[in-house]
There are 2 protein chains.
Amino acid sequence: MKKTGLLFLLLASLTAVAQNEDAAFIKRISDEVFNNGKAYDNLRELTKNIGGRLAGSPQMYKAEAWGQATLKKSGADKVWLQECMVPHWVRGGKDVAVANYKGGKKPLDVLALGNSMGSGPKGVQAEVLKVNSFDDLEAKKDQVKGKIVFYNYKFINSNVNTFESYGDAGKYRGAGPSRAAKYGAVGVVVRSMSHSVDNNPHTGATRYDTAYAKIPAVAVGLRDADWLNDLTDKETVKLNMVTNGKFFPDTPGHNVIGELTGSEFPDQYITIGGHLDSWDPAEGAHDDGAGIVQTIEILRAFKALGYTPKHTIRFVLFANEENGLRGGTKYGEEAVAKKEKHVFALESDAGGFTPRGFGLEMNDEQIAKVKKWQPLLEPYGAGRLEKGGDGADIGPVADALKFPSAGLNPDSQRYFDYHHARNDVLENVNKRELELGAVAMAALVYLVDKYGL
Amino acid sequence: MKKTGLLFLLLASLTAVAQNEDAAFIKRISDEVFNNGKAYDNLRELTKNIGGRLAGSPQMYKAEAWGQATLKKSGADKVWLQECMVPHWVRGGKDVAVANYKGGKKPLDVLALGNSMGSGPKGVQAEVLKVNSFDDLEAKKDQVKGKIVFYNYKFINSNVNTFESYGDAGKYRGAGPSRAAKYGAVGVVVRSMSHSVDNNPHTGATRYDTAYAKIPAVAVGLRDADWLNDLTDKETVKLNMVTNGKFFPDTPGHNVIGELTGSEFPDQYITIGGHLDSWDPAEGAHDDGAGIVQTIEILRAFKALGYTPKHTIRFVLFANEENGLRGGTKYGEEAVAKKEKHVFALESDAGGFTPRGFGLEMNDEQIAKVKKWQPLLEPYGAGRLEKGGDGADIGPVADALKFPSAGLNPDSQRYFDYHHARNDVLENVNKRELELGAVAMAALVYLVDKYGL
């Protein structure tokens, strides 16, 4: 009994010493990032010099070149491009939707959904049929033919975690056009997936069911959605809609990869990443410029501190998350083909907001291990460690090779104010919040690299 | 043994039932605030219709009238004004500081410090003496006479809790002018207490030591501070400074108080509050419009849910926190004079950002009790419960009557981007973050009202 007690005390004090050492090193990371950080300057370059960078666009190539140069400058031992064919959708012009009603005409603030097909230059003119849900659509299916269906499904305000509301409402953007086309609709207007106080429309990918006509589809700003909702309760409203979306043939895009070679396990990989592409209406500052510059900042900070990881760390700027996931898919395929050994992957793709914690896509034993590090993460605001939720880009490789992965969970209150909208710009990213996210990520990577999972 | 075990189980299950009931009620508060909240609309009225509302200004009186009306509209059983004499300082005109140097002239972005005395219309013209700290000032004290002292003390970036950096740097604004005047300085320029990426100067109160001349003093924006820092390393720089601050005689101001009468202990008080005054350069949206509208929102939500508290709850919009604390002082004095029994006070005066937790100004036993509620607060982002830190306005009453108090701790990363600067406007407050803060506060008040401390 006494012996066990001593052993316990010894182990406990060793653990305490280790935690003190780790706390001290993480504080050094934090000081380095807050005092000498380049994440915000890098984000300025990416957003202001390049801007929106949808797969296949000229800006995609600019962003790839910038990513290569910035990874090199930040100290990567090796930088390369991993090619993958990406879709090449273009908006093709200004999206227009004008409501015609008794009182006159009103242009609505709209954006064509990503991957949606244009109406043709003459546009579509039809009466609006408002539905509040898919159930409502089914109930009114006999009235759909020849109409423009207006999905007025409201983003749930009362979820504290706003991603739950996005998960709930997202189906109207993804499946709404084809479900309306099935009953003969000629166009679709979707209430934006947001709870913002402004009228900016929020785009994002839709997925046509090839069994039905690929009808034009737009997202509408919330204030205009409210207006249209009120008006359609009172009278018949017609809409003139012109969109110009189209696909060019797939084109080569690239994951941009930087590596810091491991000292003990150079052939075992830890991946950190975000996605380099972004929707066209804005600068993709939160989505996912933030994840990109945080990824690069961890590399820069490790190098500045002279930290050599045990495992090889890959800093990956993934291609084409938004409308194809081709970058993440390719990364997974190549890892499988090369029989790579991956030990961990971490993604930041939920905005550059103040960190709250991490989503842990791993088994309970591994989660328990991460939770022991909670006191080391909490000082940086990232102590909330929850099961589930890593990131779209690292999903394919982690699923294929069955290794633990995680996603940074920033505070979610503001994300859907900016997500896929024209105000996702540098000015709406806070330098310190962005940096604190990078610190939290670096801390977790440091701990996994040192102790394994 | 068995009996104790059963009793323990019984108590544990009763606790579990109570926690479930509490969790359910707090979720109802949250739903009410997110779905029907008026905090943001109220903040729009306060910021856009009234604006900056420094003690003694016409806007102070407008804000008091608005506060009375809004507390009534939100369901207070009783609303009244508690008079207190407040200082009446005015900026008196545009603050100017123009640097004269070899390369030419450069107007700096400055704001006179609150409570500082104007230079007179001719202003002061003098050479700049840069000091990086008070130690540096002491070392250079023989060079101070006739100069304008530039305090270039830098806000510490590496504190995760930015209030620590403010606590550290604040003395240069508060005591800097008189410490320079002691050695014969004719003016002072203070580097703004901020880590922002912009050049907005941040004002705030200074305190003259009456033993020395009341020399003019301004805060300068960070980019201009950097410029002046670089230039003074290279050459002699002169500054022409004109400020116009002055005091009018003290004038009557008011705490605006709304009450919800307690059902069991009507003569025992819980106070919730923020301060109604704000500096003049902006709208006082975060400081402390947020605290004001959160306070009112808790009243509105309790009424909307039909919740009758056991104790009488006072919703207090305090007067004159910024340059006198006369409102909080008066509230404390009157509570003492009337021998009121107060059980708890809660303040929000750290911005309308997403909540992190509460600072608990109470004894360890009471802190332990609050920590048992952590699982009820954490879902609303407010699970970090720390010893110390309530709020300036509730300090006098809590200190005098020795009862427990607390302050909402929102995430602090962005606060000093806006604090006392011209960008502390509605547009920089996020509706959901503001609401979530109100939910967290309401939850804590509900628990204290129900269980005591």
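This section describes the arrangement of the two chains, the sheet of chain A, and selected strand pairings and helix contacts of chain B in a predicted model.

Chains A and B are related by a rotation of 180 degrees with 0.0 Å of shift along its axis, which superposes chain A on chain B with an RMSD of 0.0 Å. This is the relation of a two-fold axis. The same surface serves both copies, in that 100% of the contact residues of chain A recur in chain B. Across the interface, 20 residues of chain A are in contact with 20 residues of chain B. On the side of chain A that touches chain B, helices α1 (2-36) and α14 (431-451) of chain A each supply at least two residues. Classified by residue type, this side of chain A has six nonpolar, eight polar and six charged residues.

Within chain A, eight strands form an open sheet of mixed pairing, in the order β3-β2-β9-β5-β6-β7-β8-β4. The edges are occupied by β3 (104-108) and β4 (110-112) of chain A, each of which has a single partner strand, so one side of each is left without a neighbour in the sheet. From one strand to the next, the twist averages 30 degrees. The partner of the edge strand β4(A) is strand β8 (residues 217-220) of chain A, and these two strands pair in the antiparallel sense over three bridges. Within this region, Val110(A) has Val220(A) of β8(A) as its bridge partner. Helix α7 (residues 222-234) of chain A packs on the sheet, where it touches β2 (96-101), β3, β5 (124-131), β6 (148-151), β7 (187-191) and β8 of chain A. The direction of α7 makes about 85 degrees with that of β5(A).

In chain B, strand β9 (residues 238-242) pairs with strand β2 (residues 96-101) in the antiparallel sense over five bridges. Among the residues involved, Ala97(B) has Met241(B) of β9(B) as its bridge partner. Strand β5 (residues 124-131) of chain B also pairs with β9(B) in the antiparallel sense, over four bridges. Here Gln125(B) stands opposite Asn240(B) in β9(B). In general, strands of a sheet pair through backbone hydrogen bonds, either parallel or antiparallel.

Two helix contacts of chain B involve helix α2. Helix α2 (residues 39-50) of chain B packs against helix α14 (residues 431-451) of chain B at an angle of about 115 degrees, with the axes 9 Å apart. The helices α2(B) and α14(B) are therefore roughly perpendicular to each other. Ala39(B), Tyr40(B) and Leu43(B) of α2(B) make this contact with Lys431(B), Leu434(B), Glu435(B) and Ala438(B) of α14(B). By class, five nonpolar, no polar and two charged residues take part in the contact of α2(B) with α14(B).

The axis of α2(B) also comes within 9 Å of that of helix α8 (residues 285-304) of chain B, the two crossing at roughly 135 degrees. That angle makes α2(B) oblique to α8(B), and the crossing is right-handed. From α2(B), the contact draws on Ala39(B), Asn42(B), Leu43(B), Leu46(B) and Thr47(B). The residues contributed by α8(B) are Ala285(B), Gly289(B), Ala290(B), Ile292(B), Val293(B), Gln294(B), Ile296(B) and Glu297(B). The contact of α2(B) with α8(B) comprises eight nonpolar, four polar and one charged residue. Ala39(B) and Leu43(B) of α2(B) thus appear in the contact with α14(B) and also in the contact with α8(B).

Technical notes:
Residues are numbered from 1 along each chain as its sequence is written. Chains are lettered from A and ligands numbered from 1 in the order in which they are written. This is a predicted model: local features need pLDDT of at least 70, side-chain atom pairs count only at pLDDT 80 or more; totals for chains, interfaces and linings use all residues. Copies are superposed by least squares on the C-alpha atoms of residues with pLDDT of at least 70 in both. Two residues are in contact if their C-beta atoms, placed from the backbone, lie within 7 Å. Axes are lines fitted to C-alpha atoms, for helices over the stretch in contact, and angles run from 0 to 180 degrees between N-to-C directions. Angles under 35 degrees count as roughly parallel, over 145 as roughly antiparallel, 65 to 115 as roughly perpendicular and the rest as oblique. Ala, Val, Leu, Ile, Met, Phe, Trp, Tyr, Cys and Pro count as nonpolar, Asp, Glu, Lys and Arg as charged, and the others, Gly among them, as polar. Two strands pair if DSSP finds at least two bridges between them. A crossing is left-handed if the near helix is turned anticlockwise from the far one by less than a right angle, and right-handed if clockwise.
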